[in-house]
Amino acid sequence: NCAADLIEIFIESSRIREDLVRSTSFGKQLFNSHITLREWLPEIPERPLFEFRAFVHENKLNAITQYYSVIESTELQQRKEEIKSILLKFFEEHIKGKIPHESFVIDFYVKENNEVMVIELNPFHNGAGAGLFDW
């Protein structure tokens, strides 16, 4: 049963548990979590270097970092400006002004064909991982 399997995965996931505990620690007024399901794409875990975390403050994308900060990549260094341009364009065309918060943290994935996907949204606070930055 797919639904039962999904619920079991959610219950057993330490990542989900940690995120929910962290979210609820802000109190009822700030707790507003949603679960959104999308098609599983095996290329995402196969290409972890192409997941990025971006920091948006007052509807301006201020910083982008690679999500997996323990991996150094010559390819990412060589494609830095290209990837930055791809993510900024995607943000301006598809995200800016469409999220009901002015400040947030957003994770993107850049596919092999340079198409961009949103992985997740997080509140803008120091509980969100900072990648190669420090809070």
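Where is E102 found? Select this residue as a starting point: E102 sits in the loop between α5 and β3. With a relative accessible area of 52%, E102 is exposed, because the cut-off for that label is over 50%. Now add H57 to the selection. E102 and H57 are 45 residues apart in sequence, yet their C-alpha atoms are 6.2 Å apart in space.

**The whole chain**

Zoom out before going further. The model is a predicted one. Colour the protein by pLDDT: the mean is 85, and 85% of the residues reach 70 or more. Helix α5, residues 80-95, has the highest confidence, at a mean of 97. Helix α2, residues 14-24, has the lowest, at a mean of 75. Where pLDDT is low, the predicted coordinates should not be read in detail.

Switch to a cartoon view. The protein has 5 helices and 4 strands. Followed along the sequence, these elements come in the pattern α-α-α-β-β-α-α-β-β. The protein has 135 residues, of which 30% count as buried.

**The sheet**

Select the strands. In what order do the 4 strands of the open sheet lie? The order is β2-β1-β3-β4, and the pairing is antiparallel. β2 and β4 are the edge strands, each pairing on one side only. From one strand to the next, the twist averages 25°.

Begin with β1 (residues 51-57) and β2 (60-66). These two strands run antiparallel and are joined by 6 bridges. To see one facing position, select V56, which stands opposite L61 in β2.

Next, select the loop between β1 and β2, where E58 lies. E58 is not a glycine, but its phi is positive, at about 55°. Is E58 buried or exposed? E58 counts as exposed, at 56% relative accessibility.

Move to the other end of the sheet order and select β3 (residues 104-110) and β4 (residues 116-123). They also run antiparallel, with 7 bridges between them. Y109 stands opposite M117 in β4. β3 and β4 form a hairpin, with 5 residues between the two strands.

Which residue in the turn of this hairpin has a positive phi? Select N114, whose phi is about 70°. Like E58, N114 is not a glycine. N114 is partly exposed, with a relative accessible area of 28%.

**A polar contact from β1**

Return to β1 and select R53, which lies in this strand. The relative accessible area of R53 is 6%, so the residue falls under the 20% cut-off and is buried. Which side chain does the side chain of R53 contact? Add D107 to the selection: the two side chains make a polar contact at 2.7 Å.

**Aromatic rings**

How many aromatic pairs does a search of the whole structure find? There are 2. Select Y67 and Y68 for one of them. Their ring centres are 5.0 Å apart and the planes meet at 75°, an edge-to-face arrangement. Y68 is partly exposed, with a relative accessible area of 35%.

For another pair, select F90 and F108. The ring centres are 5.8 Å apart and the planes stand at 85°; this pair is edge-to-face because an angle over 60 degrees counts as such. What does the pair tie together? F90 lies in helix α5 and F108 in strand β3, so the contact links parts that are 18 residues apart in sequence. Try a surface view here: F90 counts as buried at 15% relative accessibility, and F108 counts as buried at 0%.

**A charge over a ring**

For the last stop, select R47 and F50. R47 lies over the face of the F50 ring, at 4.0 Å from the ring centre.

Note on methods: Residues numbered from 1 in each chain as written. Predicted model: local features only at pLDDT ≥ 70, side-chain atom pairs only at ≥ 80, totals over all residues. Heavy atoms only, no water. pLDDT = per-residue confidence, 0-100. Pairing = 2+ DSSP bridges. Phe/Tyr/Trp six-rings, centres within 6.5 Å; stacked < 30°, edge-to-face > 60°. Buried < 20%, exposed > 50% of the residue type's maximum accessible area, 1.4 Å probe, protein only. Lys NZ or Arg CZ within 6 Å of the ring centre and 35° of its normal. Polar contact = N/O pair within 3.5 Å; in protein donor to acceptor, adjacent residues only side chain to side chain. Axes fitted to C-alpha atoms, helices over the stretch in contact; angles between N-to-C directions.
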